[in-house]
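Here are my notes for someone opening this structure for the first time. Keep the viewer open while you read, and take the points in order.

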Amino acid sequence: IQREWEEAHKVTEELVEGPPSRRANATLTPCPNGNHLWCIGGEFFSDDGKAHFYSDVYRYSPEKNEWRKFVSPTCPGPRSAHAVVASPAGGGKLYLFGGEFSSLYQNSFHHYRDFWCFDISTHTWERIDTKIRPSARSGHRMAMWKHYIVLFGGFYDPGIKTNYLNDLWLFDTQEYKWRQVEFKETERKPSPRSGFSFLSTPEGILLHGGYCKEYVKGSRPVGVMLDDTWFLRMTLNSETLTAGKSTADPLTLKWEKRKKTSTAYAPSLRSGCTMALWSNKNTGILFGGVTDEDTGEETLESVFHNDLYGYQITGNGRWVSMNLKRPKKKGGAQKKKVVAQPTRPESDEEDYGNEGEGDEDEDDNDKPAKKSKLARPPKETSPAPDDDIDPDDPQRTVPLPRYNAMLAVLRNTLYIYGGIYEKGSREYTLDDFYSLQLDKLDRYVCLKASEIVIAEGDEESSSDEDDDDDDDEEDDETINDNESVTVVGEDEVKEVEVLETIEEEDKDSLRVQAAAFMGVAKDSTRSAEDVLSTPLPGETLAMFYARSREYWAQKAYGTSDSRGKQLRRDGFTLAEERYAEYKPILEEVERILAEAGLDEEEMRKGAAAGPQGASGQSRNRR
């Protein structure tokens, strides 16, 4: 048993050439007891429409400018839009909850509900299983306060519409228990949202901004960018004992809504810009983001930002200037690392942004055309000729505008990795890596230049929103569910292929076939007959027969002379036989979903949603 455990937890450490491969919605977390950054998971959508999800763990050491990759057989499944929080206790731990996964061809999708702990000293993962825990979700945030992990919000997409959440959960790292914090109806609390900032302070946790969608009957869903600020005040109570019983909850929590401060240094309304905590100054650091404007049913204009803001959390909170400082002239030219990128405007917070309401349609069927532009340049007066450009201007070092960049602050240095940039209707997942000394604000240092070539003529491109720049990345971390799923559109072949292969191959291949079946079951291009006659993952025999009763009765009618009750019995027998054929695959699918942390009730809900993929192909704004 000891040997088996050691094999399952054996860690391979590998020195890699640079930052992780192109990816979005990964986590970048400062090490709680060392000068390192930890990057976990993420997703990449390649030009050929494939979705690559990652489960790898990378560590960055700034002193050596070195990346290392850690691989272990026991680890969380490939995912993105998860949440990670760090604790210095016990040699340092990283806690991970939730996230989402899509199969290679995007016809199978699920959220995770599992909870993991990464031991920084041994580089090993352990799964923490508790009966009570938050529901499956993505886009949520977690923060560490004393020995409590605090989790809030996120979204759950069962395939029909995206449900946004505003529940609050606590995990006690000493007792290893989750509990949901209930508030009275009369108490104020933040509205449901995802992609918000969630920063820990000695007095509690700051929440700012985020994103959600409004669903109005009869019209398309509308994206809403949020810019409200809340503070979750947390107080540890000294317990009083009465007749041997504790009379006080050890923890008091209360949401307080903060008033909007002076807008002089506040960012314009935007989403995709989660703040990182600069703990030395108790300040949140915000970079970039996107402002979406609905200009009509057919057009969505997007402004992309590359400006920098600071939010001082102390007191009532206030936004502070984070403008780069121009060096004093000393007659000597300073060396610069300038990234070869499309022309971008100089950063000028006062002239950026758009205060208009941000509406966005994320529905696949009525997706409006997108126009995109960079954050607004300063007002044009008389443009300076090229030879007047100051090579020492720190604005020349500012990264390309982007949203969903991964930010982290180590000591007094901000690190920015990747993010997403759009031009016309094309979407680019970036792979550049920058640092900035926050206590100096002199210039951005490019630690790795982007290798993405952004074509100039993309404004008129007719490619889908999730197209990325050409990249032949076939990462070996992705789930191995390719061969069977590639038959999208060949209805007859689909249902036979999964079953035939099961009979031909041994049980070890069952997992691959189950993953393929999950994709087939969620494929919306199949015929109505195929949909009716195939059980869904998470569907019981009773559920399967209830939705396909008429189909089986017609089948029985065509093959026998029975009528009335006997005809229904014959129909049920046919349904039962079909269900029995698929049972091994369905059981394996349920094991896959259970590993993702979903319980039986959630699997049933997934089956009840019917044969649809996730409604979020325009996923990154979520």
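1. One definition before anything else: a residue is called buried under 20% relative accessible area, exposed over 50%, and partly exposed in between, using a 1.4 Å probe and protein chains only. By that rule, Phe97 is buried, with a relative accessible area of 0%.

2. Some ground rules. This is a predicted model, in which local features need pLDDT of at least 70 and side-chain atom pairs count only at pLDDT 80 or more, while totals for chains, interfaces and linings use all residues. Residues are numbered from 1 along each chain as its sequence is written, and side-chain values use heavy atoms, with hydrogens and water left out.

3. The overall picture. The protein chain has 7 helices and 32 strands; these are DSSP runs numbered from the N terminus, with helices (H or I) of at least four residues and strands (E) of at least two. Of its 622 residues, 56% are buried. About 28700 Å² of the protein chain is exposed, and carbon and sulfur atoms supply 48% of that; the areas come from the Shrake-Rupley method with a 1.4 Å probe, and for residues only the protein chains shown count as cover. Among contacts (heavy atoms within 4.5 Å) with a separation of 6 or more, 66% are between residues 24 or more positions apart.

4. Now the aromatic rings. A pair of aromatic rings is described by the distance of the centres and the angle of the planes. Here, rings of Phe, Tyr and Trp (its six-membered ring) pair if their centres lie within 6.5 Å; planes under 30 degrees apart are stacked, over 60 edge-to-face, and the rest tilted. The whole structure holds 36 aromatic pairs. Take Phe97 and Trp178: their ring centres are 5.8 Å apart and their planes stand at 65 degrees, so this pair is edge-to-face. The pair brings together distant parts of the chain, since Phe97 belongs to strand E9 (residues 93-97) and Trp178 to strand E17 (residues 177-181), 81 residues apart. Trp178 is buried too, at a relative accessible area of 5%.

5. For contrast, look at Phe304 and Tyr403. With centres 6.0 Å apart and planes at 25 degrees, the pair is stacked. It also links distant parts of the chain: Phe304 sits in strand E26 (residues 299-312), and Tyr403 in the loop between E28 and strand E29 (406-410), 99 residues apart. Phe304 counts as buried at 0% relative accessibility, and so does Tyr403 at 1%.

6. Back to Phe97 for a moment. Which residues do ring pairs link into a cluster with Phe97? They are Tyr95, Phe115, Trp169, Phe171, Tyr176 and Trp178.

7. Rings also turn up beneath charges. A charge sits over a ring if NZ of Lys or CZ of Arg is within 6 Å of the ring centre and within 35 degrees of the ring normal. Lys146 lies over the face of Trp145, at 5.0 Å from the ring centre. Likewise, the charged end of Lys161 sits over the ring of Tyr215, 4.9 Å from its centre.

8. On to salt bridges, meaning a side-chain nitrogen of Lys or Arg within 4 Å of a carboxyl oxygen of Asp or Glu. The structure has 17 of them. Arg68 and Glu13 form one, at 3.3 Å from N to O. That pair connects strand E7 (residues 66-71), home of Arg68, with strand E1 (residues 12-16), home of Glu13, 55 residues apart. Glu13 is partly exposed, with a relative accessible area of 41%. Arg68 also bridges to Glu66, where the closest N and O atoms are 2.9 Å apart, and Glu66 is buried at 15%.

9. Another salt bridge joins Arg326 and Asp393, with the closest N and O atoms 3.6 Å apart. Here the link runs between two loops: Arg326 is in the one between E27 and E28, Asp393 in the one between E28 and E29, 67 residues apart. Asp393 is buried, at 5% relative accessible area.

10. Next door in sequence, check Lys325, in the loop between strand E27 (318-321) and strand E28 (369-374). Leaving out residues up to four places away in sequence, Lys325 touches Pro394, Lys440, Leu441 and Asp442. Lys325 and Arg443 are 118 residues apart in sequence but 7.8 Å apart in space, C-alpha to C-alpha.
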